[in-house]
Amino acid sequence: MYRYTDFDRRFVHARAAQFRDQLQRHLAGELPDDDFRPLRLQNGWYVQRHAPMLRVAVPYGELSARQLRQLARIAREFDHQDAGLATERGGFGHFSTRQNLQFNWIPLARAADVMGLLAEVDMHGIQTSGNCIRNITSDALAGIAPDEVVDPRPYCEILRQWSTLHPEFAFLPRKFKIAVSGAREDRAATAWHDIGLTLHHNATGEVGFAVAVGGGMGRTPVIATPVNGFVPWQQILVFIEAIVRVYNLHGRRDNVYKARIKTLVKAEGQRFVDAVNREFEALLADPDTALIPQAELERVQQRFQPPPPPAPLPAAGAAAATPLPAYTRWADRNVHAHRLPGYRAVTLSLKRAGLPPGDVTADQMEGAAALAERFSLGELRVGHDQNLLLPWVREVELRALWLAAREGGFATPNIGLLTDMIACPGGDLCALANARSIPIAAAITERFDDLDELHDIGDIDLHISGCINSCGHHHSGHIGILGVDKDGSEWYQVTVAGADGSTLSGAAVAGKVIGPSFAADEVPDVVEAVIATYLGERRPGERFIDAARRLGPLPFRHAANAVRRSTALAA
Amino acid sequence: MEFLDLDAALPEGTLVLDNTDDVLGRAEEIARHAAVALRFPKWTDGRAYSQAVLLRGRLRHPGRVIATGEVLADMLPLLRRCGFDGVQLRADQSLQAAQRALGYFDSHYQTAPGERRSIHEIGLPR
């Protein structure tokens, strides 16, 4: 992973000191709430339902065991309260869909101390919230995927540095998210981002980016519009500067629901693209405009640890020694191909009964860090699917890792299956949510606790958001569940056939609603009815998403209506 | 960075622009003025940062660029790096906090307008 320079390190410490100054003025009554809010947001501090929430950036998903141990320390020493239900005592973190980790119970008065502890391990909360360029996200398999065309991580790091405290773009009309993919398979949902970047080679073998602009979820789901098929990598910061400058000057600021760049792109169409291109040309014509020099790319590339030497392959016949069915199942779902011979990438599932998707206690953080130290050169990845991944596992050690991961509760063999669902924290913790996500996720996990059944259902993306802000990416779920508020009570809208843009899911598209909202206690039945419809209608080998696309929403709607109870009359 | 008295008039010959004004479209008018004041109607409305960058970077405006309106102490590092060299702070703001805010970072990851420094030089450890 990227190793901080002394400059990087001084920078996050300076940021922590600046935040301490702001916090002290706030606590002393010199910086009122309204003025402090945007400042704390740009350091990752929200004020949530129970307490402040801190969102820590894990840039493009790379995390070291040392960092995870420090996060465990923060969870243990700072993220707790003495009163409330067992689930309200804190001591845990939540991995979000944007490669961030969130704490829910740290008192604001201790916020500056926590930022200091994060800086000690080269971490921060810079621009994890606020109307600015957010944490750059990428493929959890970046640098190790066999289908990779160009390793996106050095470009992600250059983007991270460029966007960090960019003075011109700190107060945009609204938040701004950039995702980067460097593989044939899009595992970063690029089409759903304000800017989606895809690295590839042009006809003469040069490296550049296909750029799409204006994707986003929320109230109006929009797929990003391709605006340039090939921007040479040397010019990519200039092109992005042009996009963000046009957005900063012309994006709407009168209506928060129309302030994302997607609204500007939709409203202006080709005029937007023309304005970006004019600005891009003007910048390129300016002798003061800095392109990325080759030496700078190489300098950043060299800050990434070199890959380990090829590992020995398992001895012939070793694999044939009667593998346990449970091991085979885990190896099928949680172990992934690697570009280096003798290596595998292994997902540590954070989707298990009894804990909300993506949640990790302090002890589990220590446990995952120990696994990374023992099996993966001390490195982990955070995926947008809210799981952890070990990127450098030697194939000969898979069996030992499986045993150790089982011990730690990380070996649920459900990656890509129904219970490997994405869910936001929802109304239990989030002040924005209309409805709770965690009990819905728990009820579905409980309903589908039979592994044989889960494996028979096969690949499926189930995504749950507690409100239209779409942190749980419900729009892109093959089955999407959205919490809505009607008359002060919790209801859930269900969609089918949404797609994140991966090969499995097909072109990115928002799912289709299958009827009026359901009551909370109907949701597991609805999911079951939708799944039963698929199982009844599927053709040999046909996966859920393909069947859902072929059948359209109607059969699912009928099946879901048939299990309504409290909402039967309304339907 | 010069701190201008909120109660005093802006320096003579200052052109005041709204943050919806097209800076490039008014290049000739701007060239006739020694100073340009850019307005922050709300401090979280960041359009004037881009206007300042265009003034300095594209138009090579050599004169003063003054931030007016709702200007907070904590905006100063951003203002300075976008090319502002004068501010009228909101009445309740502390000059001390503003000066302190300018001191936290000695260098940055981006090129400021008018600087001939590549990202390479900027990224190098110093």
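Here is a short conversation about a predicted model with chains A and B.

Visitor: Which domains does the assignment give for chain A?
Guide: Happy to start there, with a reminder that this model is predicted. The domain assignment of chain A runs from residue 6 to residue 562. Its entries are domain 1 (6–120), domain 2 (137–294), domain 3 (326–407) and domain 4 (422–562).

Visitor: How many residues of domain 1 of chain A are in contact with domain 4 of chain A, and of what kind are they?
Guide: The C-alpha centres of these two domains of chain A lie 32 Å apart. Contact is judged on C-beta atoms within 7 Å, and on the domain 4 side seven residues take part. On the domain 1 side the number is seven, divided into no nonpolar, six polar and one charged.

Visitor: Is A:His473 buried or exposed?
Guide: A:His473 lies in the loop between strand E17 (462–465) and strand E18 (479–486) of chain A. Its phi is positive, about 55 degrees, although A:His473 is not a glycine. A residue counts as buried from 20 other C-beta atoms within 10 Å. Because A:His473 has 24 such neighbours, the answer is buried.

Visitor: And A:Asp487, buried or exposed?
Guide: A:Asp487 sits in the loop between E18 and strand E19 (489–496) of chain A. A:Asp487 also has a positive phi, of about 50 degrees, without being a glycine; most residues other than glycine have a negative phi. The limit for exposed is 12 or fewer other C-beta atoms within 10 Å. Since A:Asp487 has 5, the answer is exposed.

Visitor: How many residues of helix H5 of chain A are buried?
Guide: Helix H5 of chain A covers residues 153–163 and is mostly covered. The buried residues include the charged A:Arg153, A:Glu157 and A:Arg160, and A:Ile158, A:Leu159 and A:Trp162 are among the nonpolar ones. The count for H5(A) is eleven of eleven.

Visitor: Which residue just after H5(A) takes a positive phi?
Guide: A negative phi is what most residues other than glycine have. Just past the end of H5(A), a leucine takes a phi of about 50 degrees. That residue is A:Leu165.

Visitor: In what order do the elements of chain B run?
Guide: Chain B has five helices and five strands. Read from the N terminus, the order is β-β-α-β-α-β-α-β-α-α.

Visitor: What share of the contacts in chain B joins residues 24 or more positions apart?
Guide: Chain B has 126 residues, of which 43% count as buried. Taking the contacts with a separation of 6 or more, the share from residues 24 or more positions apart is 56%.

Methods: Residues numbered from 1 in each chain as written. Chains lettered and ligands numbered in written order. Predicted model: local features only at pLDDT ≥ 70, side-chain atom pairs only at ≥ 80, totals over all residues. Domains from an automatic or database assignment. Contact = placed C-beta atoms within 7 Å. Helix = DSSP H or I, 4+ residues; strand = E, 2+ residues; numbered from the N terminus.
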